[in-house]
Amino acid sequence: MPLHPVPAKINPEIYDDYVGDYEDAGTIQATIIRQGDRLFTRNRIGDTIELLPESATTFFYPTGSPTRLTFEKDSEGEVKGIRFHDDRHEEFWEKKH
């Protein structure tokens, strides 16, 4: 898998479902923000990085990092959280409602 895949063409309207805070064990790990047709993540220390779509649910950083953020939904289509995975480990961050 290339580190710099070509961003997928997806409808940015789906980003509204992803916006919010995501936490692990009560600590917010990421805040997802939509600005126009672009999606960003802000981490615990306030760094904001654009997320580029690999698919409608999986996103990558433009830096070439192997990290992927995959939004997971329940059977009703509600976003439940983000599966964060890189070359070392995987975590699940639950969406706060």
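**Close-up 1. T58 in strand 5 of the predicted model.** We start with T58, which sits in strand 5. With a relative accessibility of 14%, T58 falls on the buried side, because buried means under 20%. Setting aside neighbours within four places in sequence, T58 touches L52, P53, R68, L69 and T70. Another residue to pick out in this view is R83: 25 residues separate T58 and R83 in sequence, and their C-alpha atoms are 9.1 Å apart in space.

**Close-up 2. The Y15–F59 ring pair.** Searching the whole structure turns up six aromatic pairs. In one of them, Y15 and F59, the ring centres are 5.8 Å apart and the planes meet at 65°, so this is an edge-to-face pair. Y15 comes from helix 1 (residues 15-18) and F59 from strand 5 (residues 58-60), so the pair links distant parts of the chain, 44 residues apart. Are these two residues buried or exposed? Y15 is buried at 4% relative accessibility, and F59 is buried too, with a relative accessible area of 0%.

**Close-up 3. Y18 stacked on F71.** Here the ring centres of Y18 and F71 are 3.9 Å apart and the planes are at 10°, so the pair counts as stacked. Y18 belongs to helix 1 and F71 to strand 6 (residues 68-73), so the contact ties together parts of the chain that lie 53 residues apart in sequence. Both Y18 and F71 are buried. Zoom out a little and there's a single aromatic cluster made of Y15, Y18, Y22, F59 and F71.

**Close-up 4. The largest nonpolar core.** This core has 15 residues, and the ones touching the most other members are Y18, Y22, I32, L39 and F71. Which elements each supply at least two residues of the core? Helix 1, strand 2 (27-35), strand 6 and strand 7 (79-85) do. Strand 7 gives the most, with three residues. For a feel of the packing, follow I32: leaving out neighbours within four places in sequence, I32 is in contact with Y18, V19, G20, Y22, L39, F40, T41, L51, F71 and I82.

**Close-up 5. T41 in strand 3.** T41 is found in strand 3 (residues 38-43). T41 has a relative accessible area of 6%, so this residue is buried. Beyond neighbours within four places in sequence, the contacts of T41 are A30, T31, I32, D47, T48, I49, L51 and Y61. I32, one of the contacts of T41, is also among the core residues that touch the most other members.

**Close-up 6. The hairpin of strand 2 and strand 3.** These two strands run antiparallel and are joined by six bridges. Look for Q35, whose bridge partner in strand 3 is R38. The hairpin has two residues between the strands, and G36 takes a positive phi near 65°.

**Close-up 7. The hairpin of strand 3 and strand 4.** Strand 3 also pairs with strand 4 (residues 48-53), again in the antiparallel sense, over four bridges. F40 stands opposite E50 in strand 4. This hairpin has four residues between its strands, and G46 in the turn shows a positive phi of about 95°. When tracing either strand by eye, remember that side chains in a regular strand alternate between the two faces of the sheet.

Technical notes
Residues are numbered from 1 along each chain as its sequence is written. This is a predicted model: local features need pLDDT of at least 70, side-chain atom pairs count only at pLDDT 80 or more; totals for chains, interfaces and linings use all residues. Side-chain values use heavy atoms; hydrogens and water are left out. Rings of Phe, Tyr and Trp (its six-membered ring) pair if their centres lie within 6.5 Å; planes under 30 degrees apart count as stacked, over 60 as edge-to-face and the rest as tilted. Buried means under 20% relative accessible area, exposed over 50%, partly exposed in between (1.4 Å probe, protein chains only). Contact means heavy atoms within 4.5 Å. A nonpolar core is a set of buried Ala, Val, Leu, Ile, Met, Phe, Trp, Tyr and Cys residues joined through side-chain atoms within 4.5 Å. Two strands pair if DSSP finds at least two bridges between them.
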